[in-house]
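Me: I've got a two-chain structure on my screen and would like to learn how to read it. Could you take me through it feature by feature?

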Amino acid sequence: MKLPLLATRVGILAVKLSVAVLVALSILPLLMGGIGIGLEDEEEGDWALDGSTIRLEAPLMVSNDGFFDVTDLRVGFTFKDRDGNVLAVSEMDPVDIPAGRETAIPIEIALDLYDLDRQTRSDLIFNGTDMAFDLSVQAKYTWNLVGMSVDGGSEMGWDALLGNLDVRTDMAYLGEMDGNHTVVVPFTLYANDMVRDGQALALTEYWDSQGYYANITQMVDLSDNIWEEAAVPLSSEAYDRVMTGEEQLTVRVTLFFLDCSNYEETTFTEQWGWGG
Amino acid sequence: MSGGEFSWKNASAGRGALSAVKGALKYLVVPLFLVMLGIAVVTNEDGPQAIADILVEMRSIVLVLGAVLTALSFFHGAYPKGTYSRLTFGLAISVLVIVYAYLLLLNGRTQEVIGRELFEVDLWLIFTLYFFTAIFGVLMPLGEFMDRRPLWLNGTGATGKEGTEAPEAHRPYHDFRLRYGSLYNGLRLARNTLTWSVVLPLIVIILLEAGLTSLEVEELDPLLSSLEDVAAVVVLLGLPMTALAFFKGFYPRGSVSRFIPAEAMVLIGLYWIWVIGLEGKLLMEVEEIDISLDYSGLLMLIMLGSGLWLVYYALELFLYRKEWKEGGFKKDLEKKSGKKKALERPAEPLDKAPQP
């Protein structure tokens, strides 16, 4: 065979052999479980509220015992409400995972509650809701000759940040403050771990069947087992009415948090002639 | 036909022995080794007795037909090309090989046992596919006979009787004259192309489909569906490639008539690789997780390697054309990829050739 033809054949063979070797070296690590991905520590995967942004920071550990670098690794998250509307998209910057190394990739999922419409935000804060959570992982391997993407999704229940608001009229009592009469109405609520150490505004309104109306606002420290008491001022007439006979009273406690509100209203009849 | 061509005086025991060794390896030793290996595995691993039984039956077939084919190979190799004796033994081997493959099906019991013990697979379909390549196997001795007969009769070493042709009067389109072609080379290349680009891929697809279907995994349905599409394209591209391969093999190196089908084959082959490689993308859905693999880069690299054949055939035309012209536009009766072998023992002159 003539030399140029032989050289061409050798070239063809070399390219094909190279591809075969590349394929073998790419597939082997996958078969042997040489490429792994997981959270470093599950404890570090907790959600936190930072201002108005709900944030999850967790170091993702990627081990690459293969022969080639994993390049352009991108991890993206998409949150959707129960109707499929996209609430937030979070995408990390692409990173490279060198061969033979384990690399921690800080992933951050951030959801600014002010980016959501008020109803959705209110649902997230006060009611809890179902959300869809889509995960997308993309990476390249073997000198960018092979690309892989994994897309998965799952439903996730979202617990209310502030919930179980309960106006405890059964525990209400009359009191005095600076020489003025007050009706003290306790209320309880639940605060999710995420918002603990924060504050919410509570507006307590009171009115009776004769048209008397009063309100008071107070800051509520969010912690475990929240028990707050709202001392609503009463006029002498209003005080006399609750002291002398049965009076239909209404108390509404409205919580304000991140520009959203939720209230609990109770109408009750009480005779405080005997004192609180 | 001259009965004298069967005379042992025309034969060469050395060539026959070499051919017998090749035949023995192909029809007896390797099949027997595989069958014995199968029996050993089934026995040692406590495998299904039904499989062991059919393997034992196959062993008998391999022993008998393997021995017969080895003997026929001896005579086929011993007689020179272009003789009726070689043609007869060549045809006998080709036909017997088909019978051999048919007998291994054990009248349907092989398929039945495999279906019962492993997975449902249509062995008749596989046999039918094989049959098409086997037809080429039958035609090849005829092609060889037609190519070599003049050489044998003349006993001169000339590869054609057309006489010399003035190179200056030869135009590129004259390259398509049938007298420049070798039937044997054309049929051989067509058979190889049919085998590698149609039959074997289809057999792999059939086995894959059978295996994957037996798993009864719903997630594999898209893959099975794409395999069916690939099978259709393999046939659609493979048959024109086979036709082109015939002409590529038929015409000699240095001719435009070889260059054009060769280049067309490479181009179709590149598309064939792209299709059979599922266009470099594999999509799977496993428990609501979509996995997508994009290996188009690797596929492109393979296509680049195969695309170099375009350069190869262009070079071949360039490098051999002058030689072919100067040689008087002869048939190319040697193996295309190998060195020129010494011509076989020239036949005796006609007046001496037929031996009683």
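Reply: Happy to. Let's begin with helix packing, and with how the angles are defined: axes are lines fitted to C-alpha atoms, for helices over the stretch in contact, and angles run from 0 to 180 degrees between N-to-C directions. Keep in mind throughout that this is a predicted model.

Me: Fine. How do α8(B) and α9(B) cross, and how far apart are their axes?

Reply: The general idea is that two packed helices are described by the angle between their axes and the distance between the axes. Here, the axes of α8(B) (residues 256-276) and α9(B) come within 9 Å, and they cross at roughly 180°. Angles over 145 degrees count as roughly antiparallel, so α8(B) is roughly antiparallel to α9(B).

Me: Which residues of the two helices make that contact?

Reply: From α8(B), look for F259(B), V266(B), L270(B) and W274(B), among others. From α9(B), the list includes I302(B), G307(B), W309(B) and Y313(B). Sorted by class, the residues of this helix-helix contact come out as 13 nonpolar, three polar and one charged.

Me: On to where the chains meet. How many residues does each chain put into the contact?

Reply: For interfaces in general, size is often given as the accessible area lost when the parts come together. In this case we have residue counts to go on: 22 from chain A and 21 from chain B. On the chain B side, β2(B) (289-294) and α9(B) (296-326) each supply at least two residues. The biggest giver on that side is α9(B), with 13 residues. As for chemistry, the side of chain B that touches chain A has 14 nonpolar, three polar and four charged residues.

Me: And β2(B)? Which strand of chain A does it pair with, and in what sense?

Reply: Its partner in chain A is β9(A) (residues 146-158), and the pairing is antiparallel, over six bridges. To find the register on your screen, take G152(A), whose bridge partner is I289(B). Another spot to click on is S149(A), which stands opposite S292(B).

Me: What does β2(B) pair with inside chain B?

Reply: That would be β1(B) (residues 281-286), again antiparallel and over six bridges. I289(B) turns up here too, as the bridge partner of V286(B). The hairpin of β1(B) and β2(B) has two residues between the strands, and E287(B) takes a positive phi near 45° there.

Me: Now a sheet in chain A. What is the strand order of the open four-stranded one?

Reply: Reading across, the order is β14-β13-β16-β17 (chain A), with antiparallel pairing. To spot the edges, look for strands that pair on one side only: these are β14(A) and β17(A) (260-270). Neighbouring strands in the sheet are turned by 20° against each other on average, ignoring direction. One pair to follow in detail is β13(A) (residues 199-208) with β14(A), joined by nine bridges in the antiparallel sense. Within that pair, Q199(A) has D221(A) as its bridge partner.

Me: Which helix packs on this sheet, touching β16(A) and β17(A)?

Reply: Helix α2(A) (residues 118-127) does, and its direction makes about 60° with that of β17(A). There is also α3(A) (residues 236-244), lying across β13, β16 and β17 of chain A and running at about 120° to β16(A).

Me: How is chain A divided into domains?

Reply: The domain assignment gives domain 1 (36-158) and domain 2 (162-270). Their centres, taken over C-alpha atoms, are separated by 41 Å. Twelve residues of domain 1 of chain A are in contact with nine of domain 2. On the domain 1 side, α2(A) supplies the largest share, five residues. That side divides into seven nonpolar, three polar and two charged residues.

Me: What about the domains of chain B?

Reply: Chain B is assigned domain 1 (1-157) and domain 2 (175-338). Their C-alpha centres lie 26 Å apart, and the contact takes 18 residues from domain 1 and 19 from domain 2.

Me: Last one: which element of chain A has the lowest mean pLDDT?

Reply: As a general rule, where pLDDT is low, the predicted coordinates should not be read in detail. For chain A the mean pLDDT is 86, with 95% of the residues at 70 or more. Among its elements, β1(A) (residues 35-39) has the lowest mean, 74, and β14(A) (residues 213-221) the highest, 94.

Terms used: Residues are numbered from 1 along each chain as its sequence is written. Chains are lettered from A and ligands numbered from 1 in the order in which they are written. This is a predicted model: local features need pLDDT of at least 70, side-chain atom pairs count only at pLDDT 80 or more; totals for chains, interfaces and linings use all residues. Two residues are in contact if their C-beta atoms, placed from the backbone, lie within 7 Å. Ala, Val, Leu, Ile, Met, Phe, Trp, Tyr, Cys and Pro count as nonpolar, Asp, Glu, Lys and Arg as charged, and the others, Gly among them, as polar. Two strands pair if DSSP finds at least two bridges between them. Angles under 35 degrees count as roughly parallel, over 145 as roughly antiparallel, 65 to 115 as roughly perpendicular and the rest as oblique. pLDDT is the predictor's confidence in each residue, from 0 to 100. Domain bounds come from an automatic or database domain assignment.
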